[in-house]
Amino acid sequence: MEKIKVAVNGAYGRMGREVCQAILDDGDLELTGVFDLLGRGEDIGEVLGRQKLGLLIQNLGVDTLAGRQARVLVDFTTPMAVMENIRTSLQAGVRPVVGTTGITQVDLELINEWVEKAGIGAVVAPNFALGAVLMMKFSQVAARYLNQAEIIELHHDQKIDAPSGTSIKTAEMIEAGRRQKPGRREELLKLAGARGAVTGDVHIHSVRLEGLIAHQEVIFGGLGQTLSIRHDSYDRKSFMPGVIMAVKNVTNLRKMVYGLENLLDL
Ligand code: NAP
């Protein structure tokens, strides 16, 4: 069977490097293009601490991407750059698999339009860790019975956006899972932000600390009890099986899929 040709954008980044390693180690995939903002022309093999691969890091553009014969572009860049990258990918006829966070509901609608126009598939997932996807799904189920919920998301101190894409998606899934909304009480806030950010009726608290990778705890409250559902990514490798699954699936899609859970049989 012919290998699926894949390009990676954000190849100098923490996630981008891990994705390149995972593609190189997968027998069904072939890394044919590597891109980053500066595109300094370094050999990706050397950047990864492997032998030279003859694959130089370039600047992403419709022409440079089209020249790599890739069927899929994996994007792990920044919230500021991701929409332009997705548009470039679709204009080049290359299916985007997007892990970059900070994508809003309005952005998703725009991506949907671009995908329909391009007539190819796309996957956008705020979290590619299988355990995190299960944590979100279990939270949706728990919300049916325990309608009070708060989210604590914890990430490394280099993360730009807050709250995390995963926490916002979890809050949306909790809202969708609830049979009734929780009652509200008036509160006296002595410091602004003391109760975190609120989406729908779910409070989200963001922690940023050196030493963390990506973690989230969802706490449900009920009469005389709480239920905590927690997921921890201790290593960026935790995201790779999900990324590889999305890369292999996106070639069979003709629409945008938002959330890895929609590629799983849950
Ligand atoms: P990072 O280490 O800062 O890497 C981002 C890379 O993208 C950097 O090399 C950056 O270059 C480059 N870049 C910036 N703008 C670009 C552009 N316009 N075109 C091409 N490359 C560009 O960040 P990270 O930790 O890898 O995370 C990347 C993104 O993935 C973040 O949004 C993060 O929240 C998200 N993430 C998602 C998941 C998931 O499962 N979905 C998991 C982990 C992280 P410069 O350094 O020169 O700016």
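Guide: A charge is said to sit over a ring if NZ of Lys or CZ of Arg is within 6 Å of the ring centre and within 35 degrees of the ring normal. Please keep in mind that this is a predicted model.

Visitor: OK, so which charged end sits over the ring of Y12?

Guide: That is the charged end of R40, which is placed 4.2 Å from the centre of the Y12 ring.

Visitor: And how many aromatic pairs does a search of the whole structure find?

Guide: Searching the whole structure turns up one aromatic pair.

Visitor: Switching to the ligand, which residues come nearest?

Guide: There are 22 residues around the ligand, and of these R14, M15, D36, T101 and F128 come nearest.

Visitor: What classes make up that shell?

Guide: The shell around the ligand consists of nine nonpolar residues, ten polar ones and three charged ones.

Visitor: Where does T101 touch the ligand, then?

Guide: In T101 a polar side-chain atom is 2.7 Å from an oxygen atom of the ligand, whereas in M15 a backbone N or O atom lies 2.8 Å from a ligand oxygen. G13 also takes part through its backbone, with a polar atom 3.3 Å from an oxygen atom of the ligand.

Visitor: How much of the ligand's accessible area does the protein cover?

Guide: On its own the ligand has 920 Å² of accessible area, and the protein covers 79% of that.

Visitor: Which pocket is the ligand in?

Guide: The ligand takes up the space of the largest pocket.

How values were computed
Residues are numbered from 1 along each chain as its sequence is written. This is a predicted model: local features need pLDDT of at least 70, side-chain atom pairs count only at pLDDT 80 or more; totals for chains, interfaces and linings use all residues. Side-chain values use heavy atoms; hydrogens and water are left out. A residue is near a molecule or strand if one of its heavy atoms lies within 4 Å of it. A polar contact is a pair of N or O atoms within 3.5 Å; within protein, one must be able to donate a hydrogen and the other to accept it, and residues adjacent in sequence count only if both atoms are side-chain atoms. Accessible areas come from the Shrake-Rupley method with a 1.4 Å probe; for residues, only the protein chains shown count as cover. On a 1 Å grid over the protein atoms alone, a cavity is a set of points where a 1.4 Å probe fits but cannot get out, and a pocket is an open set with protein on both sides within 12 Å along at least five of seven lines; lining residues have an atom within 4 Å of a point. A molecule sits in a cavity or pocket if more than half of its atoms lie within 2 Å of its grid points. Ala, Val, Leu, Ile, Met, Phe, Trp, Tyr, Cys and Pro count as nonpolar, Asp, Glu, Lys and Arg as charged, and the others, Gly among them, as polar. Rings of Phe, Tyr and Trp (its six-membered ring) pair if their centres lie within 6.5 Å; planes under 30 degrees apart count as stacked, over 60 as edge-to-face and the rest as tilted.
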